[in-house]
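Subject: Structure handover

Hello,

I am passing this structure on to you. Please open it first, then read the notes underneath.

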Amino acid sequence: MEEQQTSPPQTLHGEVYYPSAETVTQANIPDPEAVRCEAEADLTGYWARRAGELEWYRKWDTVLDESNPPFYKWFVGGKTNIVANALDRHVRTWRRNKLALIWEGEKGDLKTYSYHALNREVCKFANVLKSMGTGKGDRVTIYMPRIPETVIAMLATAKLGAIHSVVYGGFSVEALHGRIEDSESKVIVTADGGYMNGKVVELKKIVDEALQRTAAPENVVVVKHTGREVNMEAGRDYWYHELMNLPLTRNSMKCETEVMDAEDPLFILYTSGTTGKPKAVLHTHGGYQVGIYATLKDVFDLKEEDRWWCTADPGWITGHSYIVYAPLIAGATSVMYEGAPTYPFPDRWWTIIEKYGVSVFYSTPTAIRGLMRFGASWPNRHDLSSLRILGSVGEPINPEAWRWFHKNIGKERCPIMDTWWQTETGMFMIAPTPAMPLKPGSGTKPYFGVQADVLDEHGNSVKPGEEGFLVLKRPWPAMLRTIYKDPDRYMKTYWSKYPGLYLAGDSARKDEDGYFWVIGRVDDVIKVSGYRLGTAELESALVSHPAIAEAAVIGLPHEIKGVAIHAYVITKAGVETGETLVEELKRHMAHEVGPIAKPEKIEFVSSLPKTRSGKIMRRVLKARALGMAEGDLSTLED
Ligand code: PRX
């Protein structure tokens, strides 16, 4: 049933979906343009107002310190801890009885946590970590399936003022090893395994293998989830449930939340960049909590009675910000599901929406495209009338998928919030609010107070409709503060192309209505099914195979995944090439990096296009593969 749309205040160009009158009147932000003006006129005033909606142990002295760019500081002098806002303040009110988390396992098991119960488990686990010597500033690696204990471990770490480094459970041995080593974690929290698509992912086994390659951390805590037998090394590995049931822990249901400076680190999260190894993006307690809370409340119009479901994994920034922290800060009820959307049938997600009455649903273009393939009869079998707002993130959503989502899931009633942001930005940067007119494929306008632009090579704004580099022109509270242990790389990567401006690494267009259209990465980052991988790490994993001498990797368009990995490899002398080696290399990539890193196609070649200084010209490979003009070849060596 299509709702009456509001009469447009101005006529926008192209395919436009105006909000219904009801959506506008009941929205948290009924007049987004007024708030936009407020924030533009007084950026720090706007953010101070939003920060004032949260609790602080001590109020800040300065909202934004710009004295040492690009090392911006927010809420300087403020004392806080994100857990004080995510849990402590709720358990003092009636919300202690509200459901914080509804979790469903892939096998159909169900666990629910009230705010009271979640807080109790977090306190207990924080005491466990403390008993292992974990304190302020120590790193804890969390390598887990999508289960409640992941959330508990993250919150417990933050509560102590320690720094979590969550590694996505879909990553494998080498990816995990690199991240443990770089973060110098003392403790690893993992599980015996997790379920995905009816199969068990043996996480503990991967941890054991990764630890053979690195100086072992002192302790490994293992959650029993699948019940499969795993290797437990005496003096290093401990069962989570045993630690949580020690008389000492069982009765230690209180744990003081550490008082942190607003600018103290909260977590590091590794993400792929243009060159070299994945880099650890660092986020802090103060500004991050304000940014993610305000954006979730405004963009998804979150209300007390909503049931929020973000289908991401806690191991990515989407999960950090919008599964774990922001929904809790907002006092919401979240749904979390362990497994695959198609297990056992392609209506698993629609079943979950109906079963738990999900009202706000946030997912990805790849998932939508994947489910679209199975046809509308799957969602049509379910009552999806609880839904009121939908969302998309991770990659550009093609208009066809947008329309399918809008029609078959949102029944033409639910606006779709297409949110553009990054691990580095921490929070939504270009995103609508429900009261704004939408265009399929566009994230509409920058969030309040965010100033984005599209520039040419020389730093001039391009004309409407033209493509250029996406930049952000003003600091925002949830911004990364640095690359952990590598401030130079922080400056070089983000702030050197256009001094004073943040370079996103994406290309984009702005249309005549000021709406932004993000096209994709312009660096050597590949977004496979929305997952961020770097050519450098993929290539280094390929050449770690004994048969391979050199490798180049590019991303090519793919109907479901958005972008898929294509690899070109040169084998060592005497190696027999063929299908067997292709399969072997795919297995090798899954083992070293993770199943998402399996190339779609592997081609054996005798040489790679390189510059005279030896850099692989991936642009040339890509143009050739797409049958496009190869562009300027003057720097080509051969
Ligand atoms: O290329 C953009 C794409 O994802 C990149 C950031 O990836 P990551 O740090 O893994 O964070 C993903 C989740 C926030 C961006 O540089 N991207 C993200 N959201 C969108 C998008 N591209 C187009 N539209 C989006 N809504």
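Below are notes on two helix pairs, a pocket and the cavities.

Keep in mind that this is a predicted model.

Helices α7 and α8

Start with α7, residues 173-183, and α8, residues 203-212. Their axes come within 9 Å. They cross at roughly 60°. That angle falls outside the 65 to 115 degree range for roughly perpendicular and is not under 35 degrees, so it counts as oblique. The crossing is right-handed. Which residues of α7 and α8 meet? From α7 come V173, L176, H177 and I180. From α8 come I206, V207, E209, A210 and L211. By class, this contact has seven nonpolar residues, one polar and one charged.

The second largest pocket

Next, look at the second largest pocket. Its volume is about 460 Å³. It is lined by 22 residues. Closest to the pocket centre are E174, G178, R179, K277 and P278. Which element gives the largest share of the lining? That is α7, with seven residues. At least two lining residues each come from α7, β15 (279-284) and α18 (535-543). By class, the lining of this pocket has 10 charged, eight nonpolar and four polar residues.

Cavities

How many cavities of 30 Å³ or more does a search of the whole structure find? There are three. The second largest cavity has a volume of about 50 Å³. Its lining consists of V166, V167, Y168, F171, R179, L269, Y270, G315 and W316. Seven of these residues are nonpolar, one is polar and one is charged. Note R179: it lines this cavity, and it is also among the residues closest to the centre of the second largest pocket.

Helices α18 and α19

Finally, go to α18, which also helps to line the second largest pocket. It packs against α19, residues 579-592. The angle is about 120°, and the axes are 9 Å apart. Are α18 and α19 perpendicular or oblique to each other? They are oblique, because about 120° lies above the 65 to 115 degree range and is not over 145. The crossing of α18 and α19 is right-handed. In this contact, α18 supplies L538, A541 and L542. The α19 side has L585, H588, M589 and E592. By class, the contact has five nonpolar residues, one polar and one charged.

Best wishes

Definitions and conventions:
Residues numbered from 1 in each chain as written. Predicted model: local features only at pLDDT ≥ 70, side-chain atom pairs only at ≥ 80, totals over all residues. Heavy atoms only, no water. Axes fitted to C-alpha atoms, helices over the stretch in contact; angles between N-to-C directions. Helix = DSSP H or I, 4+ residues; strand = E, 2+ residues; numbered from the N terminus. Left-handed = near helix turned anticlockwise from the far one by under 90°. Contact = heavy atoms within 4.5 Å. Nonpolar A, V, L, I, M, F, W, Y, C, P; charged D, E, K, R; others polar. 1 Å grid on protein atoms, 1.4 Å probe; cavity = no way out; pocket = protein on both sides within 12 Å on 5 of 7 lines; lining within 4 Å. Points joined across faces, edges and corners; volume = space filled by probe spheres on them.
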